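Visitor: Please take me through one part of this protein slowly, its nonpolar core, and show me what lies around it. I am new to structures and would be glad of plain words.

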Amino acid sequence: MTVAETTPVTVSPRAANRIAAILAKEPEGAMLRVAVEGGGCSGFQYKFDIVRDRDEDDLVLDANGYAVLIDSVSVDYMAGSEIDFSDELIGAAFKINNPNATANCGCGTSFSL
C-alpha cells in the first residue's frame, strides 16, 4: 500500500517534488510541518513551517524521501485533503485541496468549515 491509500491526507507528486527541493537545501533532519490554525479571512488558515522536531502524535507523510508532519488536531480539519503545489503566472504556492472546506478565500490560504 502507498501512503496515499493509508492516510487521511495525501501529497501530490508536484507538491512532493517542491517539498523535496526546499528541504534538500535545509540542514539534515529538516521536515515540513503543515498545520491548521484559527485566523485568516475565512476563519481557519494553513501554516507551513520548516522544523527539526516531530511530536509523537504527528501524522508523517513521505514527500520523495522527506517528511511532512501534520499534528493530530490539524489532521481532523484536513481529513481527505491533498497537499498540492501550483506554479502559475500569478505566483507559486502550496495549495490544500480540502473537501471539508465550505468556503475559501481568494488566495487559497484560509477556509471555513
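Guide: Let us begin with the word "contact", which means heavy atoms within 4.5 Å. Among the contacts in this protein with a separation of 6 or more, 49% are between residues 24 or more positions apart. What you see is a predicted model, where local features need pLDDT of at least 70 and side-chain atom pairs count only at pLDDT 80 or more, while totals for chains, interfaces and linings use all residues. Residues are numbered from 1 along each chain as its sequence is written, and side-chain values use heavy atoms, leaving out hydrogens and water.

Now for the overall layout. The protein has three helices and nine strands (DSSP runs numbered from the N terminus: H or I of at least four residues for a helix, E of at least two for a strand). Along the sequence their order is α-β-α-β-β-β-β-α-β-β-β-β. Of the 113 residues, 40% are buried (under 20% relative accessible area with a 1.4 Å probe, protein chains only; exposed is over 50%, and partly exposed is in between).

Here is the core you asked about. A nonpolar core is a set of buried Ala, Val, Leu, Ile, Met, Phe, Trp, Tyr and Cys residues joined through side-chain atoms within 4.5 Å. The largest one here has 22 residues, and V11, I19, V34, L61, I70, M78 and I83 touch the most other members. Elements giving two or more residues to this core include strand 1 (9-11), strand 2 (31-38), helix 3 (72-78) and strand 7 (91-97). Helix 2 gives the largest share of this core, four residues.

That makes helix 2 a good place to zoom in. A15, A16, I19, A20 and L23 of this helix are buried. Looking down the axis of helix 2, you find its buried residues within an arc of 135° (taken from the directions from the helix axis to the C-beta atoms), so they line one face of the helix. An α-helix has 3.6 residues a turn, so residues three or four places apart point the same way. P13 and R14, on the other side of helix 2, are exposed. Helix 2 also holds N17, which counts as partly exposed because its relative accessibility is 48%. The C-alpha atoms of N17 and Y66 are 9.8 Å apart, although 49 residues separate the two along the chain.

Next, the aromatic rings. There are three aromatic pairs in the structure (rings of Phe, Tyr and Trp, the last by its six-membered ring, with centres within 6.5 Å; planes under 30 degrees apart are stacked, over 60 edge-to-face, and the rest tilted). F44 and Y77 make a tilted pair, with 4.9 Å from centre to centre and 45° between the planes. This pair links distant parts of the chain, since F44 is in strand 3 (residues 44-51) and Y77 is in helix 3, 33 residues apart. F44 is partly exposed at 22% relative accessibility, and Y77 is partly exposed at 28%. The rings of F85 and F94 have centres 5.1 Å apart and planes at 65°, so that pair is edge-to-face. Both F85 and F94 are buried, and together with F48 they form one aromatic cluster.

One last stop is N64, in the loop between strand 4 and strand 5. N64 is not a glycine, yet its phi is positive, near 50°. With 44% relative accessibility, N64 counts as partly exposed.
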